[in-house]
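User: I have a model open and want to know what stands behind the terms used for it. Please set each value against its cut-off.

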Amino acid sequence: MALYSDKHGIFRVNAKDAVAGAGITQFGRALIALNIDIICANSPQAKGRIERAFGTLQDRMVKELRLAGISTIAAANAWLPDFIGNYNARFGRQPLNAKNLHRPLTEADDLDEILAWREVRMVTHNLTLQYDRMLLLLDPTPFARGLVRKKVDL
């Protein structure tokens with residue numbers, strides 16, 4: 001129903017000249033399509049528990065890998081499930097409310113479509129648009145002619 005995050009640029013537009021509510025990130029667009037609210041923490045302390053866990057893991061895992069003599073990705077991937085189990089047994093806590101608030105996907109939710117990268121481009125008078133340093137030519141159909149000087153999603 002909601003995602004609680006920090007104010008990283010993945011989650012929201014952080015430009016100083018951004019107008020409130022204007023501009024949206026690709027991640028934010030996907031959340032809107034899935035009807036998920038995003039709540040951005042206003043301080044690091046608001047996300048302290050997870051931030052402390054990340055800090056511990058980033059520090060501890062390197063040392064644990066070294067102690068286990070692991071130096072390859074394949075060996076680390078084989079070692080990881082045991083580490084996760086031991087870590088969760090030591091530090092994991094049951095939630096105060098165990099109710100699962102995840103919403104199931106509906107038939108209308110097409111994740112391939114929702115999670116696709118999209119960008120807005122303007123169709124020119126000669127039925128072209130630019131994307132990724134390419135000039136795309138549209139067939140001169142009545143529908144395409146109706147798109148002249150309009151913004152379209154790619």
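**Terms and the values behind them**

Analyst: Q130 has L135 as its bridge partner in β5. The model is a predicted one.

User: What makes strand β4 and strand β5 a pair?

Analyst: Two strands pair if at least two bridges are found between them. Strand β4 (residues 128–131) and strand β5 (residues 134–137) have 4 bridges, so they count as paired. The sense of the pairing is antiparallel.

User: What lies between β4 and β5 in the hairpin?

Analyst: There are 2 residues between them. D132, in the turn, has a positive phi of about 50°.

User: Where do β4 and β5 sit among the elements of the protein chain?

Analyst: The order from the N terminus is β-α-β-α-α-α-β-β-β-α-β. That gives 5 helices and 6 strands.

User: Why is R60 with E64 called a salt bridge?

Analyst: The cut-off is 4 Å between a side-chain nitrogen of Lys or Arg and a carboxyl oxygen of Asp or Glu. In R60 and E64 the closest N and O atoms are 3.0 Å apart, so the pair qualifies. R60 and E64 are 4 residues apart in helix α2 (residues 48–67), which means a separation of about one helical turn.

User: Are R60 and E64 buried or exposed, and how do you know?

Analyst: Neither word applies. Buried means under 20% relative accessible area and exposed means over 50%. R60 has 30% relative accessibility, so R60 counts as partly exposed. E64 has 26% and therefore also counts as partly exposed.

User: Which other salt bridges can be checked in this way, and how many are there in the structure?

Analyst: The structure holds 4 salt bridges. One of them joins the side chains of E113 and R118, with 2.3 Å from N to O. Another is between R121 and E119, where the closest N and O atoms are 2.8 Å apart. Both distances are within 4 Å, so both pairs meet the definition.

User: What makes the residues of these two pairs partly exposed?

Analyst: Their relative accessible areas fall between the two cut-offs. E113 is at 41% and R118 is at 21%. R121 is at 25%, and E119 is at 24%.

User: Why are V123 and L129 assigned to a nonpolar core?

Analyst: Such a core is a set of buried nonpolar residues joined through side-chain atoms within 4.5 Å. V123 and L129 belong to the largest set, of 6 residues, together with L127, A144, L147 and V152. Apart from that core lies another, of 5 residues, among them A76, W79, F83 and Y87. In soluble globular proteins, nonpolar side chains tend to be buried together.

User: What is V123 in contact with, leaving aside its neighbours within four places in sequence?

Analyst: V123 is in contact with T128, L129, L138, L147, V148, R149, K150 and V152. Contact here requires heavy atoms within 4.5 Å.

User: How do you know how the protein chain compares with a compact globule?

Analyst: A compact globule of 154 residues would have a radius of gyration near 15 Å, whereas the protein chain has 23 Å. By that rule the value does not match a compact globule. The C-alpha atoms fill a box of roughly 65 × 40 × 40 Å along the principal axes. Buried residues make up 14% of the 154 residues.

User: What surface does the protein chain expose?

Analyst: About 12,600 Å² is exposed, with 58% supplied by carbon and sulfur atoms.

Conventions
Residues numbered from 1 in each chain as written. Predicted model: local features only at pLDDT ≥ 70, side-chain atom pairs only at ≥ 80, totals over all residues. Heavy atoms only, no water. Buried < 20%, exposed > 50% of the residue type's maximum accessible area, 1.4 Å probe, protein only. Rg over C-alpha atoms; globule rule 2.2 N^0.38 Å. Areas by Shrake-Rupley, 256 points an atom, 1.4 Å probe, with all protein chains shown as cover.
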